[in-house]
Amino acid sequence: MADDFAAVADLVANTLDISSAEVTDLLEEAPLVRRLPVIPSSNGEQHKYVKLTQNPVTGFRAENAGRAFDHSVDSLVTIDLKIIDFSWGVDKAVADSWMKGPQDYIAREGLRHLRSALFKIEKQVLNGTVSPGDSDGFSGFASDAALNAPADAMVTDDGGTGSDVMSVYLCRVGSDDVSLVMRGDTPIQLGETIVQDWNVASNQHLPMYYTPATAWVGLQLGSAQSVARLANIEAATTDLDDDKMYDLIKLFPSERQPNLFVMNRTALASIRKNRTATSPSGAPAARPTDIDGIEIIVTDGLSETEAAIS
């Protein structure tokens, strides 16, 4: 039986003791995070794994003739997890006057903070330390050294320039490929709500219900062929079609095929428009949900104002 790793939805539901319906609502704005498995870090706030970078050389030989032995080459990859903080506080007087009671008001505000944090993680996975990602966060797709130049093996260049371009990513999602990494002992740290004297300004105080909430998060790209990127797409004049998507697919080895396209709404609309143009009946094409059976996820975590890579 294959490993069955937890997903963010499982961790959220268990930690906050909320229903699966509420979890689904929270994750609607972070569709990629919802699809990624979560694996425990190997050592607290740091995660190390070994990546195969070179296969051994083999070959035929003649009878009674020898050949030199070779060996595979592995590289140690170290990921530093980063703190996502969604702690929150509410004015005690406001919460106490809430019609359903203070606990309901505190939980309501907490779920909104968690939703914001999940979308923040989504943007970090896609953009990494490159804007609109957070420079204090973990490295993601756009900031990965193997995906940040047109000459990289897993990158195709659409030719756009300037600061109004965007990207489409094709991933192989799985516990050995693209996955979230969280600290194994306490993935989400949710403290008790306490009443705290909050110093809002010099000599100005208010009583507040304060709840600490944090998590250590990182991103694993298990293989050199875990993610491909179509970069430098002109957002204003984009002309994406299935041919360009197949150019991404062909970057993956036949034995390690991708399983998820990630794009924004503009990219999806362009693919649909080009399908309409080639429709035999001339009828508008349906909204694309896959390309050759590979699911498409549409996220607002990918902007249209990336800086072109060169």
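**Close-ups around Ser223**

**View 1. Who sits around Ser223.** Set aside the neighbours within four places in sequence, and Ser223 is in contact with Lys51, Asp176, Asp177 and Arg256. Keep in mind that this is a predicted model.

**View 2. The loop that carries Ser223.** Where along the chain does Ser223 sit? Look in the loop between strand E13 (213–221) and strand E14 (227–234). Its side chain has a polar partner here too: the side chain of Ser223 reaches the backbone nitrogen of Gln225 at 2.9 Å.

**View 3. How covered Ser223 is.** Is Ser223 buried or exposed? Ser223 has 14% relative accessibility, so it counts as buried, as the cut-off for that label is under 20%. Across the protein, 40% of the 310 residues get the buried label as well.

**View 4. Stepping back to the whole chain.** Zoom out, and you'll find seven helices and 17 strands in the protein. The C-alpha trace spans about 85 × 60 × 40 Å along its principal axes. Take the contacts in the protein with a separation of 6 or more: 74% of them come from residues 24 or more positions apart.

**View 5. Surface and charges.** About 16300 Å² of the protein is exposed, and 49% of that area is supplied by carbon and sulfur atoms. How many positive and negative charges does the protein have? The count is 25 positive and 44 negative, and the mean positions of these two sets are 2 Å apart.

Technical notes. Residues numbered from 1 in each chain as written. Predicted model: local features only at pLDDT ≥ 70, side-chain atom pairs only at ≥ 80, totals over all residues. Heavy atoms only, no water. Helix = DSSP H or I, 4+ residues; strand = E, 2+ residues; numbered from the N terminus. Buried < 20%, exposed > 50% of the residue type's maximum accessible area, 1.4 Å probe, protein only. Contact = heavy atoms within 4.5 Å. Areas by Shrake-Rupley, 256 points an atom, 1.4 Å probe, with all protein chains shown as cover. Lys, Arg positive; Asp, Glu negative; His and termini not counted. Charge placed at Lys NZ, Arg CZ, Asp CG, Glu CD. Polar contact = N/O pair within 3.5 Å; in protein donor to acceptor, adjacent residues only side chain to side chain.
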